[in-house]
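Me: I'd like a close look at one part of this structure, the metal site, and at how the rest of the chain is arranged around that spot. Could you walk me through it in one go?

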Amino acid sequence: MPQDTPVDCDLHPSVPGLAALLPYLDPLWREAVERRGLDEPVSIGYPSRAPLTVRPDWRDEKGRPASDVARFTREALDPFGTGIAICNCLYGVQLLFGEDMAAAMARAVNTWMAREWLDRDPRLRASIVVPVQNAEMAAAEIEHWAADKRFVQVLLLVSGDAPLGKRQHWPIYAAAERHGLPLGIHAGSSYRHPSTPVGWGTTLTEDYVNQAQAFQSALTSLVAEGVFSRFPALGVVLMESGVSWLPAFLWRLTKFWKGLRSEVPWVSEPPTELVRSRVRLTLQPFDGPPDTAGVMRLMDHIGSDEMLLFSTDYPHWQFDGSDAVPAGLDAGLLRKMQIENPRRTYPRLEETVP
Ligand code: ZN
């Protein structure tokens, strides 16, 4: 089965509510949640009733995203023939200000994922949610799950306290590299700063569209701070980033690297080549041109058929029907996106998928 079936690299099981995590919280924190009457952490960027958050036919009778394995696999895996699905849980762990609480919540989310999802369907894999508020605690969370090979990636949000290349984050990257786990950087923010570089916008549209700028800033930081040279075996996957901005961004980054490279002597190869070899991007929501010729021109500008990874981004409303891949792609490229590129990107799939 799985050797020749698509790998979906970005799907989102939903925590149905804080109550679902209580059995997996440390007793101290379970008591704290109950005694203080804590509410759900606010959304990372997907308000529950917004149309973009869940495709209408994928809402359950209460209007929530499907949050059980049977419905998830029926709606998100079976229609696409998916053999392996990588689950990224976007719960508000990164929004909390208390480091200890964030660490407890991350542990609860990961345990919930293992028990309620991974144990129930052999096609499921997941990313490790980490308390990014404290890099040592985040590294400890990675160590805790490292032996469970069903966890194939470390999940970060693109916008946090500080740009992702900063050295304060490096203990996370060292732990990820040590265990063969790529960094999966997903759209979303802990909202410590405005969600656009020019200040707070008004609408979800502005917030969502501007995620692409956040990815550019994060990628610039990872390159300029030297993360790729300090961690030579670390892969990076940009998830829900869109892809159409990438060529122009790389032309610009490489141009200014040429002029300013004395400032970043550790960036020893052109950023275009560095990014092509070390960074991957998930497909949905695909923001390329609508016609096949335009898509092929975009692929030509990206300059590599190894960078894009198939994803549905279930249950977000990014496409209609089952058109999760652009029409007209040739069979070889499609196979690379759906099977070969993901399997190369996630070394742990080779250990767990026959
Ligand atoms: Zn996503």
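Reply: Here is the metal site, followed by the parts of the fold around it.

A word on ground rules: this is a predicted model, where local features need pLDDT of at least 70, side-chain atom pairs count only at pLDDT 80 or more, and totals for chains, interfaces and linings use all residues. Residues are numbered from 1 along each chain as its sequence is written, and side-chain values use heavy atoms, with hydrogens and water left out.

Now the zinc ion. Its ligands are Asp10 (OD), His12 (NE2), His186 (NE2), Glu240 (OE) and Asp313 (OD), sitting at 2.1 to 2.2 Å. Donors here are N, O and S atoms within 2.8 Å of the metal (3.2 Å for Na, K and Ca), and with water not among the atoms, sites may look incomplete. Along the chain, the zinc donors are spaced as D-x1-H-x173-H-x53-E-x72-D. Two of them tie distant parts of the chain together: His12 is in the loop between β1 (7-11) and α1 (18-21), while Asp313 is in the loop between β8 (308-309) and α13 (331-345), 301 residues away. As for those labels, helices (H or I, at least four residues) and strands (E, at least two) are DSSP runs, numbered from the N terminus.

His12 and Asp313 are both buried; that word means under 20% relative accessible area, with exposed being over 50% and partly exposed in between (1.4 Å probe, protein chains only). For Asp313 the relative accessible area is 0%. Asp313 also has a positive phi of about 60° although it is not a glycine. Most residues other than glycine have a negative phi, and most peptide bonds are trans. The peptide bond from Tyr314 to Pro315 is cis, with omega near 5°, and Pro315 lies in the loop between β8 and α13. Another cis bond runs from Gln284 to Pro285, with omega near 0°; Pro285 is in the loop between β7 (279-282) and α12. Tyr191, in the loop between β5 and α7, has a positive phi too, near 55°, and at 26% relative accessibility counts as partly exposed.

Next, the sheet. Eight strands form an open sheet in the order β1-β2-β3-β4-β5-β6-β7-β8, with parallel pairing; two strands pair if DSSP finds at least two bridges between them. The edges are β1 and β8, each of which pairs on one side only. Five of the five residues of β1 are buried, so this strand is largely enclosed by the rest of the structure. Three bridges connect β1 and β2 in the parallel sense, and Asp8 stands opposite Ala85 in β2. Further along, β5 (residues 183-189) is joined to β6 (residues 236-239) by four bridges, again parallel, with Leu183 opposite Val236 in β6.

Helices cover parts of that sheet. α4 (residues 99-116) packs on it, touching β2 (84-87), β3 (124-129) and β4 (151-159), and its direction makes about 175° with that of β3. α5 (residues 135-145) lies across β3 and β4, running at about 150° to β3. These axes are lines fitted to C-alpha atoms, for helices over the stretch in contact, and angles run from 0 to 180 degrees between N-to-C directions.

What about the nonpolar core? The largest one has 110 residues, and those touching the most other members are Leu21, Met105, Met113, Tyr173, Leu238, Trp245 and Leu246. A nonpolar core is a set of buried Ala, Val, Leu, Ile, Met, Phe, Trp, Tyr and Cys residues joined through side-chain atoms within 4.5 Å. The largest share of this core, ten residues, comes from α4. Beyond its neighbours within four places in sequence, Met113 is in contact (heavy atoms within 4.5 Å) with Pro13, Cys87, Cys89, Leu118, Ala126 and Phe151.

Last, α12 (residues 292-302), whose buried residues are Gly294, Val295, Leu298, Met299 and Ile302. Seen down the helix axis, they fall within an arc of 145° (taken from the directions from the axis to the C-beta atoms), so they line one face of α12. Their cover includes α10 (246-260), α11 (271-278), β8 and α13. Arg297 and Asp300 are exposed on the face turned away from the buried side. Just after α12, Gly303 takes a positive phi of about 80°.
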